[in-house]
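Here are my notes from going through this model. I have kept them as numbered points, so take them in whatever order suits you.

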Amino acid sequence: MKAYGLLLSASALVFTWCGTAAAQTAPTSTDSVQSADTESSDTSGDIVVTALRRNDKLSQTPVAASVLTGTSLANKGVVNVDGLQFAMPSVVVNNFGQGNDFNVRGIGKAEHNTQTTTGVIVYRDGVPTFPGYIQEEPYYDIANIQVLRGPQGTIVGQNATGGAVFVNTNDPIIGGGIHGYLQGQYGNYNDVGLQGAINIPLSDTLAARIAVYSERRDGFYHMTGPGGAPYRGNNGQIGQMAARFSLLWKPTENFSVLWKTDAADLDMGGYPAAPYTQKDLFNLTANSPQDAHDKLIRSTLKMEYTFDGGVKLRSITGVASGKTTYRADLDGLADFSPGSPQVTDPYETFFDDVNETQYSQEFNLISPDNKRLTWLIGAFGLWNNYTFVKPYQFVIDLYGAAPGFANAPASTYKLQGRNPESSLAVFGQLGFNITPNLKLEAGGRYTTSRSTNHVDVLQYGLYIRDDQKVKTDNFSYKVSLGWKISPDQYLYGFAATGFRPGGLNVPVGTGDIAPFKPEKVTSFEAGWKSTFANGHIHMTVDGFYNDYKNFQVIIGYPTFPTFGIELNVPNTTKIYGGEAEIDLHFGGFSIDGGINVLHSELGQFYAVDPRLPAAVNPVTGLPFPCQPLSGPAGGTCINLKGREQTYAPNLTFNVGAQYDIKLGNGDVVTPRVNFGHVAAQWATLFENPARGDRLGERNILNAQLGWQHGGFTLTAYATNLTNQHYVGALNSGLYFAGPPRQYGVKLLKVF
């Protein structure tokens, strides 16, 4: 916690002088802290994007973005990150248990390790969240979610090549009285949930908000043990609890302090999975216990001071501590029971216990929005540390490799130690109104990143000590031009660069594995944003082209495919496509929708699929060589040129409609339907359908019927109404299922 104390001290030191000045000077600013309870829109109904550190109208900002308010999330049935892929275009989420692959426009994190940074950064109340673990934090008391697509970094926080997601929770409201909500629900699988929030004004300058969430649900799976015996492990039954305390202090009109602390205990019970050869995803067998339990506490501190001239000084501090425990049956089978005389299948298990801490600090100095020349300068630091708990609480046990000797050295891979990472950056952006309707913006960012391994490995009885460091320095930029043709028509275009730092490979075998290099992207985008019918119709159309150098990919170790080695594609990788979004509102009737069309192709690159038998030279008895740059192609050495990026479907779209039916007594009945489509996608670069690499399309239909009576709203809901059984992810040869049909009722009381 020493680092946390230093961060808070640094933030407070900067603002001690600012707060004193505010107390001594008559405030002239009329700015107030905007409540997140309200819709993210201005008085004209235009959506406002705050993720860019300004209050920008989305319809007049040179960025492709989707914004969902808390109400929209509820209407679309989105309760966690998995549901976003069916509520907006270009987003794909593949949940494989202890983490997920969150991709925007085909870029994110498709590598299941701690060494690779993600191309999509997720922020909670302004601070970056953990990049890999603890991804199932529920959405409750949410103000809005803003998803920015394309490279980010010249005006905000952490660098990102694919996009950034900003999850903003509701702030306390000073002078807003006591108000809030309480919601209970019950659904199939004995799904019982309760959540609520209350705003508490404490004085004329101080207010608090308390929000709570809990859910308990039976598992989706019917499971049996060895020989068809009852399975005595957890079949995915969940029990989640979370709470948030927020405090807003505004002693003057110029100075505000917002503090939020989240705590969560997320027991997912386990993530049972089926072998990729099995068609039935919910009738499973296993001979290993299942466990998936995350614990989290996170605090954010946002301080903002507005000088008399309108310049804002902002500090955002974040500290988080988490613990994740995961246990799984690696082969998804129960044919072999320990101690039995017959061995028909391996008894393969996985277990890990990992602690993670993260600290971040960001400073911004922001010019007023209403000047011809606008500017922003910032500094950002992030320190993350993974601790693989001692003694050797990261274990892969291939019991079938040594029958009768569970946890035997000859059949286990164990790891312990630390993986500290850091990223420091300075950034800035200038904006100039060439004319009142034509604005040029240019920004740059310098980043230095470090990653270090201090780990001990016991690989099948062989001890390996790994102490490595890697450093990456980068300068990236963005230049954009926006033209407001009229109050209702806007064109924009930009060129930008971005990068993902290089990193270290997990030690497997003797000797250090070479680090992988940073990945760099050059991105071009152009778009049109328009409003029709006096503001009743909003539409956005854009196209993008991304050119990647040293594209980071992961392939399996030839002798141990459960682990991967990270490499760079030496030749150019391309990802390009187009998007469109529309929303229409006429009276009580509304329609919204979005679509993304995507093409991706890998640069020339050679690799061996380690799941296939190795091609051996009959003369030497050794496997034929397969060099990433030169191959040669043949046998099991595959030329991957032109292959699609993993988890990058060529089509995603969503559409929703609702109608408010007003009754004579003031009640309102609202039916709503939402449909989301994610096309088929490849889970590995080898594109081998026989190995389960092709994940089928997802077609998810949600529906609900709400009845509002005074301060009460009763809603009947159903998600995945057609009960499509789809594969949510492929990992280690196992299929992880997406959730089946769920339905129930919710009762909401607003006060």
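How many disulfides does the structure hold? Just to be clear before the points begin, this is a predicted model.

1. The answer is one disulfide. Cysteine 626 and cysteine 637 make the bond, with their sulfur atoms 2.0 Å apart. Since the torsion about the S-S bond is about 75°, the disulfide is right-handed. Cysteine 626 sits in the loop between β33 (606–608) and β34 (637–639), while cysteine 637 is in strand β34, so the pair ties together parts that are eleven residues apart in sequence. Buried or exposed? Cysteine 626 is buried, and cysteine 637 is too.

2. Next, the five-stranded open sheet, which has the order β3-β8-β9-β6-β7 and mixed pairing. Its edge strands are β3 (64–69) and β7 (127–128), each of which pairs on one side only. Inside the sheet, strand β8 (residues 142–149) runs antiparallel to β9, and seven bridges join the two. If you want a residue to check the register with, glutamine 146 stands opposite phenylalanine 166 in β9.

3. Phenylalanine 166 comes up again in the aromatic pairs, of which the count is 21. Its ring and that of tyrosine 123 have centres 4.5 Å apart and planes at 5°, so this pair is stacked. Tyrosine 123 belongs to strand β6 and phenylalanine 166 to strand β9 (residues 163–169), so the contact links distant parts of the chain, 43 residues apart. Both tyrosine 123 and phenylalanine 166 are buried.

4. For an edge-to-face example, look at tyrosine 305 and phenylalanine 307: the ring centres are 4.9 Å apart, with 90° between the planes. What about burial here? Tyrosine 305 has a relative accessible area of 5%, so this residue is buried. Phenylalanine 307, at 23% relative accessibility, counts as partly exposed. The cut-off for buried is under 20%. Elsewhere, ring pairs link Tyr271, Tyr326, Phe350, Phe388 and Phe394 into a cluster.

5. On to the cavities. A search of the whole structure turns up eight of 30 Å³ or more. The second largest has about 170 Å³ of space. Which residues are closest to its centre? They are Val122, Arg124, Thr129, Ile134 and Gln135, out of 14 residues in the lining. Two elements, β6 (120–124) and β18 (291–306), give two or more residues each to that lining. By class, the lining of this second largest cavity has nine nonpolar, two polar and three charged residues.

6. Now for β37, β40 and β41. Strand β40 (residues 698–709) pairs with β37 in the antiparallel sense over eleven bridges, and valine 673 stands opposite alanine 703 in β40. Strand β41 (residues 712–719) also pairs with β40 in the antiparallel sense, over seven bridges. There, leucine 705 has alanine 716 in β41 as its bridge partner. The hairpin of β40 and β41 has two residues between the strands, and glycine 710 in this hairpin takes a positive phi near 65°.

7. Valine 669 deserves a line of its own. Where is it placed? Valine 669 is in strand β37 (residues 668–678), and its relative accessible area of 21% makes it partly exposed. The C-alpha atoms of valine 669 and leucine 714 are separated by 9.5 Å, with the two residues 45 apart along the chain.

8. Last, the three-stranded open sheet, in the order β16-β43-β42 with antiparallel pairing. Which strands stand at the edges? They are β16 (274–275) and β42 (727–731); each has a single partner strand, so one side of each is left without a neighbour in the sheet. Four bridges hold the antiparallel pairing between β42 and strand β43 (residues 734–737). One of the partnerships to look at is that of alanine 729 with phenylalanine 736 in β43.

Notes
Residues numbered from 1 in each chain as written. Predicted model: local features only at pLDDT ≥ 70, side-chain atom pairs only at ≥ 80, totals over all residues. Heavy atoms only, no water. Disulfide = S-S within 2.5 Å. Buried < 20%, exposed > 50% of the residue type's maximum accessible area, 1.4 Å probe, protein only. Pairing = 2+ DSSP bridges. 1 Å grid on protein atoms, 1.4 Å probe; cavity = no way out; pocket = protein on both sides within 12 Å on 5 of 7 lines; lining within 4 Å. Points joined across faces, edges and corners; volume = space filled by probe spheres on them. Nonpolar A, V, L, I, M, F, W, Y, C, P; charged D, E, K, R; others polar. Phe/Tyr/Trp six-rings, centres within 6.5 Å; stacked < 30°, edge-to-face > 60°.
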